[in-house]
Amino acid sequence: MSVEYEAVIGLETHIQLNTTTKIFCSCKADSWDDAPNSNICPVCTGLPGVLPVLNRKVVEKAVLLAAAMHAEIQVLSFFDRKNYFYPDLPKGYQISQYDHSLARRGYLELPIPASADPNGKGYVRAVHIHKLHIEEDAGKTKKERNRRYVDFNRCGVPLVEMVTEPDLRTAEEAGQYLIRLRQLLRWLGISEGDMEKGNLRCDANVSIREKGSSVLNTKTEIKNVNSIDAVKDAIQKEIERQIREVEKGHAIKPWTLDWDDNAGVLRMMRSKETEADYRYFHEPDLLPLEISAEWQADILEGLPELPLERRARFMRDLQIPEYDADILTADHDLADYFERTIGLYKGDVKKISNWLMNDVLRMRNEWGMSMSEMKLTPAYLAELVQLVDEGKINITTAKNLLPKIQESGKNPRTLVEELGLAVVSDDAAIRAICAKVVAQNPVEVKSYREGKETLIGWFVGQVMRELRGKADPKLTQQILKELLK
Amino acid sequence: MTNLVNCSALELAEMVRARQISAEEILDETLTRIVEVDGRPGALDTAPAVDDEKKVHAFITHTEELARSQAQEVDAKIAKGEDAGLLAGVPFTVKDIFCVRGTPSTAASRILANFTAPYTATPVERLIAAGGVMLGKVNLDEFTYGSSSESSAFQPSPRNPWDLSKVPGGSSGGSAAAVAAGEGALSLGTDTAGSIRQPAAFCGVVGMKPTYGRVSRYGLIAFGSSLDCPGPIARNVRDAALMLQVIAGADRADATAATQAVPDYLREIERGVKGMRIGLSPDYFRITFPDPQSGEYVEQALPAHMQEAVWKAAELYRSMGAEIIENVPMPNTRFGIPVYFVISRVEAASNLHRFDGVKYGYRTKQAVADLNEMYRRSRGEGFGPQPKLRILMGMYVSAAQYSEQYYQRALKVRTLIRHDFENAFDPQGPYRLDALLTPTTPTTAFGMADVYGDSVMMQYADQLTVPANHAGVPGISIPAGFSSDGLPIGIQLLGPDFSEAQLLRVARAYEMATEKEEWREKKPSLLEGK
């Protein structure tokens, strides 16, 4: 009889905050385009005698994330020195937070879509976080032709470290967690959340156990995974490896594994027999971090409705399908855009959802801009759809108008007039064209009168062509039928 | 003509502002004094020379050119009728533990011997901005780790101007010796356990450790970050007040610098002590230390002449209308050194991590197999014995398995020491002291090489000064006469947080009351006839 296994997965994430300056000095935080060692100062390179001064924006962004994760924000937290030697760590210690971190506990109600559920139904996984703290990033080293190079640009870039409890059970769930975390970071505007660029980093702790058991077995740690797909891939392979080992009767050792993205394999970096002693102690160069009730309230005034809450509200209050709600809450701008549009539109909100998902998003992606930058404002979109509903223009015209509105920034009503796109519903004008079409096509008229009534569509098409699509289709058909009797 | 090198900073600045004398003239006369008394500056790998014993050797680096340009700038301002600052033309020295842009900033260590700072420490910047003229960087114990200045990697180490066979104290030994020998009116020192007050006492000058955070630490190469205090060393109390006035205050570059407004320290400095409550504690009239043979703790009363200086001061204060409160209990004083041994070492070991041969400072010249060997050799060759001892001790007591037993426990005892002071100064408490009067040091200056080498006994020289560092409270050491062998004796005044103005006033009262005493006429032997 074969045993059924389940995986126990915890994720340790490092989130690079998108502040203007570094956490303890006034160098700019982002060095993506800078030459090595060109964005540094005495403070972030740890010259003798320098002192750190905390950037309050770092605290504010971390507090937003803590609140969004439903974590308990601590009134008093401390910075600590994590002591170790490495060339990219210029002070020989990292300023971090240890036993009194900015926030404790917290959770994310993680929706697992049907597509990621083996049972095909979808479910919710509660992922708890143990603690959330702020710290400074280290620099980078690289080895080239037997020489070691150090770049200090990244020293002092603000990070949030957030560690989940071992609550995840599949590689899919781990992927979903990162997708939702990335969405949240962007939603709150606190980080680009881009794993490829390293502003969202993730180490995964993986162990397996018999399904139904509650023991925690020896875990391995996977490092250097640089995309969400790679995280899923690496975890899946590690689960399979552990199952093979256990089935062979081997014990799992507490290895640290390095993900090789090109080869798609895990390699052992080191065995972790003893834990390093970082000799943590409170950083005497910084005061304890006090987040007063006033400051916290000020910060949380900027906390928007969260993406998963908004998604639920769209489904519940607007009766939007889950699929639509997911897309419409993919980013904050889009969700706002949707809500502003439906607030100005008198009709079925699902119609607006369709317009957004099918046409507007495609156009946004083509133009490579954010919703808030679009000249096609919510008011214009609402007006455009309203014009269709009123029969002033037809759907085709409306779709063709989208890029024109975006290019000109003019409102749809004005454009319809300027371009003469309004549906012609003037009986006399249509009647004249209909008469002309009937007169010019005696063969078809004959066929129709002999009983081939499906030709009515062809006649309508001819009239439409004459009027460049602007003829009111119902009226046209009515007049044609009259003339062809 | 007035001997400018013996003038106070206040007098010099006043004369410069009144155009009676130029900053450059003061500088010239001071440079002459330095040439006469100082001898060769400390340097790495020097062989001892006979003449070394006849000079002060306060300096590591002379910054004559810098001083010249600063003096000229002051004179130019005066010529244009501009405000040249509180310290217009006043020559000063800086303990070589502060970074000063474009000058070697060595911490008296081989590992930083080749380090030239790219920025200037906040208190130095403020001294220069106030019209001060920086003469150079003066010697100290390596990384400030000592109480005699002998552990400097830059030899010869400073000597005591009152008796060149004695140490000037430390770690701000170069600072105190320079000020005592007329090599600048002021010196910027640092005090982590007594490193301003003890050498000031040994050299017969005034030294003040301000409240923790009163003076910015930005640019001070850290020893014990939670204890380090920059402060003034001067020949009299009013000069110390003047210097503190310039260097104190909030600093955007130091998060631990206090934001309280800086009062005018000179305004009420001569208002006397009438009605003040000045305390004496039996716990400051003895020292407790481990017996070198048995290792057992033994208690020993201070030498009579050290106690007498304090009693005499107390009598003077009483005669001036102060109330003397005897038997103020400070029971945790005796734990000051053991607690310091733990806390300062943990912070020191961590603060020394950055000296790894990677970015600046000393890197081994030997071929190395890997990164770890580069670290080991660079640090092994670059650090002297004191940093090594402190790293070993600091790493030991902060290790995961010992931290609770040593470091965490030391932090608790530190709080108890703080409570001693809070109890003594509490305005609603049983003692309600304005100041606590104590000896500064257990002994007068000891002989060169007499204690050096015994790290534990050396540390006990700080027993009466270190509690103020633990508690964060301010303290000042002022000259109070001489022992029978002609060495200066210092007395110490300790006060509650941010009571500098009051302490300076109490210190000034003593100075005024003893102005006419015979011992005030004494000069360091080195300066006889100068």
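## A walk through chains A and B

Start at a hairpin in chain A: select strands E9(A) and E10(A), with two residues between them, and find Arg145(A), whose phi is positive, near 45 degrees. The model you have open is a predicted one. Now widen the selection to residues 140-144 for E9 and 147-151 for E10; these antiparallel strands of chain A are joined by five bridges. To see how the two strands line up, show Lys142(A), which stands opposite Tyr149(A) in E10(A).

**Another positive phi**

Next, go to Asn37(A). Here too phi is positive, near 55 degrees, in a residue that is not glycine. For orientation, colour strand E1 (5-16) and helix H1 (56-68) of chain A: Asn37(A) sits in the loop between them.

**An open sheet**

Select E5, E4 and E16 of chain A. These three strands make an open sheet in the order E5-E4-E16, with antiparallel pairing. Strand E5 (93-96) and strand E16 (281-282) are the edges; each has a single partner strand, so one side of each has no neighbour in the sheet. Zoom in on residues 80-83, which are strand E4 of chain A: two bridges pair E4 with E16(A) in the antiparallel sense. Opposite Phe281(A) in E16(A) you will find Arg81(A).

**Both directions around E13**

Which strands of chain A pair in the antiparallel sense over four bridges? Select residues 200-210 and 220-225 to show them: they are strand E12 and strand E13 of chain A. Cys202(A) is a handy marker, standing opposite Val225(A) in E13(A). Then add residues 255-260, strand E14 of chain A, which runs parallel to E13(A) and is joined to it by three bridges. In this pairing, Lys223(A) stands opposite Asp258(A) in E14(A).

**The whole of chain A**

Zoom out and colour chain A by its domain assignment: domain 1 covers 5-296, domain 2 covers 305-418 and domain 3 covers 427-484. How many Å apart are the C-alpha centres of domain 1 and domain 3 of chain A? Those centres lie 69 Å apart.

**Where the chains meet**

Bring chain B into view. At the interface, 29 residues of chain A are in contact with 37 residues of chain B. Together the two chains bury about 2700 Å², and 62% of that is on carbon and sulfur atoms. On the chain A side, select Pro48(A), Phe85(A) and Arg279(A): they lose the most area to chain B, together 25% of what that side buries.

Now look for charge. The count between chain A and chain B is one salt bridge. Show Asp285(A) and Arg217(B) as sticks to see it; their closest N and O atoms are 3.0 Å apart. Polar contacts between the two chains come to 17 residue pairs, counting residues with both at pLDDT 80 or more. Colour the side of chain A that touches chain B by class, and you get 18 nonpolar, five polar and six charged residues.

**Last stop: a loop in chain B**

Select the stretch between strand E3 (133-138) and helix H5 (173-180) of chain B; Pro156(B) lies in this loop. Is the peptide bond from Gln155(B) to Pro156(B) cis or trans? The bond is cis, with omega near 0 degrees. Follow the loop between E3 and H5 of chain B on to Ser171(B). A cis peptide bond joins Ser171(B) to Gly170(B), with omega about 10 degrees.

Key:
Residues numbered from 1 in each chain as written. Chains lettered and ligands numbered in written order. Predicted model: local features only at pLDDT ≥ 70, side-chain atom pairs only at ≥ 80, totals over all residues. Heavy atoms only, no water. Contact = heavy atoms within 4.5 Å. Buried area = accessible area lost by both parts, 1.4 Å probe. Salt bridge = Lys/Arg side-chain N within 4 Å of Asp/Glu carboxyl O. Polar contact = N/O pair within 3.5 Å; in protein donor to acceptor, adjacent residues only side chain to side chain. Nonpolar A, V, L, I, M, F, W, Y, C, P; charged D, E, K, R; others polar. Domains from an automatic or database assignment. Pairing = 2+ DSSP bridges.
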